[in-house]
Amino acid sequence: MRIERIKLTNFKIYKGENEIIFKNDKDKNISLIAGMNGFGKTTFLTSLIWSFYGGLMAQVEDKYRKDIKNSGGYEKFLETLVNKNTVHDFKEGKTKSAVLQVEVQLVDVMIPSIPCRKVIIKRTYDFSSKKETLKILIDGHENQLTKEVGYEVFINDFILPREIAKFFFFDAEKIVSLAEAKSKSELRSLSKAYSEVLGIKKYEDLKMNLTTLLTKLKRSGVSMVNKTKLDELIKIDNDFDSLIDLNNEKKIGLEEEITSIKLKVDAIQEKLIREGNDVTLEKLKELKFDKEQYKKEHVEAKGELKKLLEIVPIVIAGKKFDDLVNQVNIETKLKDKSLNDKSLIKELDMFSKELVNEIKGLGLDKKSNSKIFNTIEKLNSKRTEVKKSKSGNIILDYTDEESRGVIATYNYIKDSFDSQFKIIIKNEKDTRQALTRVSNKIKQAEARKNNPLAQKLREEKEILSIKIENLNKEKEIVFVELTTWKVQKDSNKKILSEYEKNYNLVALDKEKFEVTTLALEKLSILTARIKEEKKYSLQKSVMLGLKKLMHKNDFITNVQVRIEDDVMDIDLLDNQNNVIDKDTLSKGEQQLYATALLKALVDESGINFPVFIVSPLQKFDKSHSSNVIQQFYPTISEQVVLFPLLEKELSQKEYEQLKPNLSGVYLIQNDSVGSSITKCKVDNLFKKFNEQDYVFAN
């Protein structure tokens with residue numbers, strides 16, 4: 001797997017878009033990104049970890065967990081990642097958005113069941129909406145698999161597990177923590193990472209799952225099922241069945257009896273209809289009630305009709321009313337014009353007075369003043385002469401309110417009167433007819449109620465109706481009892497089901513327990529054997545790395561990996577087979593050990609992923625730096641990206657040793673706006689770097 005392109009947009013010190021395209025050269029696996037302190041080397045590394053893991057980056061390194069905590073949570077931490085100048089421009093309204101984005105393009109990715117050439121991971125944070133989004137494109141398209149498993153899970157399972165990311169993205173100056181780990185919690189944390197890298201974790205997880213299953217099986221078989229209780233529950237269940245059957249029979253009997261009586265009631269109703277006496281006392285009461293309602297409605301309808309009849313004469317006037325409305329409109333316009341003329345006269349009068357005052361101040365002779373004043377007065381009189389309107393005269397002289405009333409009445413007659421009048425006429429007619437029908441029915445019922453046969457039939461019908469009512473009440477009681485028995489039976493059934501399940505599963509659980517125990521024993525043996533194999537392989541790889549990197553051949557003569565319970569630690573042995581205290585090692589020696597351990601872990605993991613290293617030579621002297629440059633970086637991975645501090649950490653002489661393996665070099669430059677990345681020629685890096693006397697960190 002190789003990273004082909006990285007694009008940062010407004011990530012911390014990097015304002016705007018900054019893109020790096022790595023050259024694919026199988027013979028030259030190292031890319032170099034140089035920059036002064038504070039220009040953004042560590043920030044670049046942080047951007048990659050954020051792009052892959054987002055809020056889960058706290059699980060990669062303790063540093064990120066502390067940064068997130070100190071920021072006040074992940075949401076606040078995200079805000080600190082956005083370039084400050086971009087945020088300022090957004091708050092000042094100079095830009096419409098403040099978007100942070102990191103895009104990483106990977107090639108040669110092996111994903112089971114998915115043929116692909118390129119995978120793009122694009123994580124975005126919008127400062128204005130406070131929303132983070134993640135997209136994964138496989139060969140330029142979203143894939144159903146990535147959606148189903150979830151983007152975060154996909155990255156962790158198919159790209160790089162976050163538990164081991166610390167071995168592929170690291171600051172070499174701080175990686176000495178591997179050598180300084182002493183407490184149980186530190187060693188346990190490292191052991192988890194070792195287990196993940198070495199492929200042991202999946203066996204440990206399987207063991208844990210089997211152990212959990214054994215615990216559950218033990219608990220289910222701790223107390224034997226009480227057979228007496230089971231028999232008691234079965235008896236109660238049978239009793240409930242008997243009660244439910246009895247109530248169902250009662251319910252069916254009541255329903256049949258009610259149906260039979262209803263048939264008799266229907267037969268009596270038929271006879272009453274034939275006799276013309278189908279009106280019961282209840283029906284008679286309803287008719288009288290309806291009569292009162294229709295009376296009220298008829299009175300209301302007549303009232304509305306009366307209101308409209310007051311307007312009918314105006315409607316009948318027709319043409320005369322039209323003439324009246326026209327005259328009102330003419331007089332309204334004349335009055336408006338009159339008001340405008342008065343305003344004009346007033347304005348001209350004020351203007352004339354001001355003009356006269358101004359002329360007096362000019363100091364002209366009396367004769368000239370007299371001529372000017374006469375001319376002004378003549379023009380003023382001509383302008384303010386009120387001419388009679390040819391369009392009409394004031395005859396009615398209505399007030400504004402009276403005029404509006406006439407116009408409103410005219411509009412109502414013209415638009416709504418006709419339809420409303422017809423509706424009210426129809427409503428009055430319908431109500432009157434309904435009232436007449438109800439009144440006639442009441443008269444007929446009153447006339448026939450004393451018929452002896454009808455009276456007898458009504459009495460029989462009343463008795464049967466009362467009986468139906470009583471049977472319905474009894475049926476309701478039976479229904480309530482039936483529901484109660486069913487609820488209690490269901491409750492008992494749940495308890496019975498649990499007892500039956502436990503009773504039936506005792507034998508099956510015993511068989512499961514035996515099979516799981518056997519599987520756990522075999523897995524424990526297999527895991528122990530794999531750990532031993534990995535242990536010796538790791539010891540050999542670390543020792544080989546130390547021999548390549550260190551000059552003191554007799555200083556560390558052996559490496560021993562210890563595995564105790566869930567803790568794995570590495571001991572360095574001297575020529576007398578004594579354990580060397582890692583605290584006695586110099587910082588450079590600690591970094592050499594950590595570097596050798598990292599290479600061994602990467603080699604043993606079999607994971608093909610690029611390695612990014614900040615401060616790659618910080619603690620090494622010249623001789624050890626030469627070893628690391630020639631023996632370590634060219635072999636640790638198919639793609640290695642280094643972030644050195646030129647001249648202080650990487651001299652020109654060391655750079656010459658590195659050049660045969662360099663596929664591309666880049667320089668981080670900085671100004672008042674922020675940092676940016678430019679590509680350089682391999683032979684021109686130091687010259688370009690030394691020309692930056694003006695640069696300064698943001």
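Start with the whole chain: 698 residues, of which 39% are buried. The model is a predicted one. Colour by secondary structure and you will see 20 helices and 13 strands. Now turn on contacts. Among those with a separation of 6 or more, 73% join residues 24 or more positions apart.

**Stop 1: the core**

Select the largest nonpolar core, a set of 111 residues. Which members touch the most others? They are Phe44, Trp50, Phe52, Leu106, Ile159 and Phe169. Next, highlight helix 17, residues 587–605. Helix 17 gives the most to this core, with 8 residues. As background, nonpolar side chains tend to be buried together in soluble globular proteins.

Zoom in on Trp50. Ignore residues up to four places away in sequence, and show what Trp50 touches. The list includes Phe11, Met57, Tyr74, Leu78, Leu81, Leu100 and Val102. Arg123, Thr124, Tyr125 and Glu132 are also among the residues touched by Trp50.

**Stop 2: helix 2 against helix 3**

Select residues 62–71 for helix 2 and residues 74–81 for helix 3. Their axes come within 7 Å and cross at roughly 100°. Helix 2 is therefore roughly perpendicular to helix 3. Show side chains at the contact: Asp67, Ile68 and Ser71 come from helix 2, while Tyr74, Lys76, Phe77 and Thr80 come from helix 3. By type, the residues of this contact split into 3 nonpolar, 2 polar and 2 charged. Tyr74 links back to the previous stop, as one of the residues that Trp50 touches.

**Stop 3: helix 6 and its cover**

Move to helix 6, residues 151–159. Its buried residues are Tyr151, Phe154, Ile155, Asn156 and Ile159. Ile159 already appeared among the core members that touch the most others. What covers the buried residues of helix 6? Add helix 1 (41–53), strand 5 (118–126), strand 6 (131–138) and helix 5 (144–149), which are included in the cover.

Stay with strand 5 and strand 6, and pick Lys130 in the loop between them. Lys130 is not a glycine, yet its phi is positive, about 60°. Most residues other than glycine have a negative phi. Is Lys130 buried or partly exposed? Lys130 has a relative accessible area of 36%, so it is partly exposed.

**Stop 4: along helix 16**

Select helix 16, residues 452–549, and pick Leu464 within it. Leu464 counts as buried because its relative accessibility is 15%, under the 20% cut-off. Now measure from Leu464 to Ile261. They are 203 residues apart along the chain, but their C-alpha atoms are separated by 6.6 Å. Setting aside residues up to four places away in sequence, Leu464 touches Ile261, Lys264, Val265 and Ile268. A general point helps in reading such a list: an α-helix has 3.6 residues a turn, so residues three or four places apart point the same way.

Slide along to Gln539, also in helix 16. Gln539 counts as buried too, at 12% relative accessibility. Where does its side chain reach? It reaches the backbone nitrogen of Val561, at 2.7 Å. With neighbours within four places in sequence left aside, Gln539 is in contact with Val559, Gln560 and Val561.

**Stop 5: strand 11 and the loop after it**

Jump to strand 11, residues 640–643, and select Phe643. Phe643 is buried, with a relative accessible area of 0%. Draw the C-alpha to C-alpha distance to Ala34: it is 5.5 Å, across 609 residues of sequence. Then show what Phe643 touches beyond four places in sequence. Ile33, Lys41 and Phe44 are among these residues. So are Phe612, Ile613, Val614, Ser615 and Pro616. Phe44 is a familiar name from the core.

Step on to Glu647, in the loop between strand 11 and helix 19 (652–658). Its phi is near 70°, a positive value in a residue other than glycine. Glu647 is partly exposed, with a relative accessible area of 43%.

**Stop 6: strand 12**

Finish at strand 12, residues 662–670, and select Asn670. Asn670 counts as buried, at 3% relative accessibility. Which side chain does Asn670 join through a polar contact? Display Ser675: the contact between the two side chains is 2.9 Å.

Definitions and conventions: Residues are numbered from 1 along each chain as its sequence is written. This is a predicted model: local features need pLDDT of at least 70, side-chain atom pairs count only at pLDDT 80 or more; totals for chains, interfaces and linings use all residues. Side-chain values use heavy atoms; hydrogens and water are left out. Helices (H or I, at least four residues) and strands (E, at least two) are DSSP runs, numbered from the N terminus. Buried means under 20% relative accessible area, exposed over 50%, partly exposed in between (1.4 Å probe, protein chains only). Contact means heavy atoms within 4.5 Å. A polar contact is a pair of N or O atoms within 3.5 Å; within protein, one must be able to donate a hydrogen and the other to accept it, and residues adjacent in sequence count only if both atoms are side-chain atoms. Axes are lines fitted to C-alpha atoms, for helices over the stretch in contact, and angles run from 0 to 180 degrees between N-to-C directions. Angles under 35 degrees count as roughly parallel, over 145 as roughly antiparallel, 65 to 115 as roughly perpendicular and the rest as oblique. Ala, Val, Leu, Ile, Met, Phe, Trp, Tyr, Cys and Pro count as nonpolar, Asp, Glu, Lys and Arg as charged, and the others, Gly among them, as polar. A nonpolar core is a set of buried Ala, Val, Leu, Ile, Met, Phe, Trp, Tyr and Cys residues joined through side-chain atoms within 4.5 Å.
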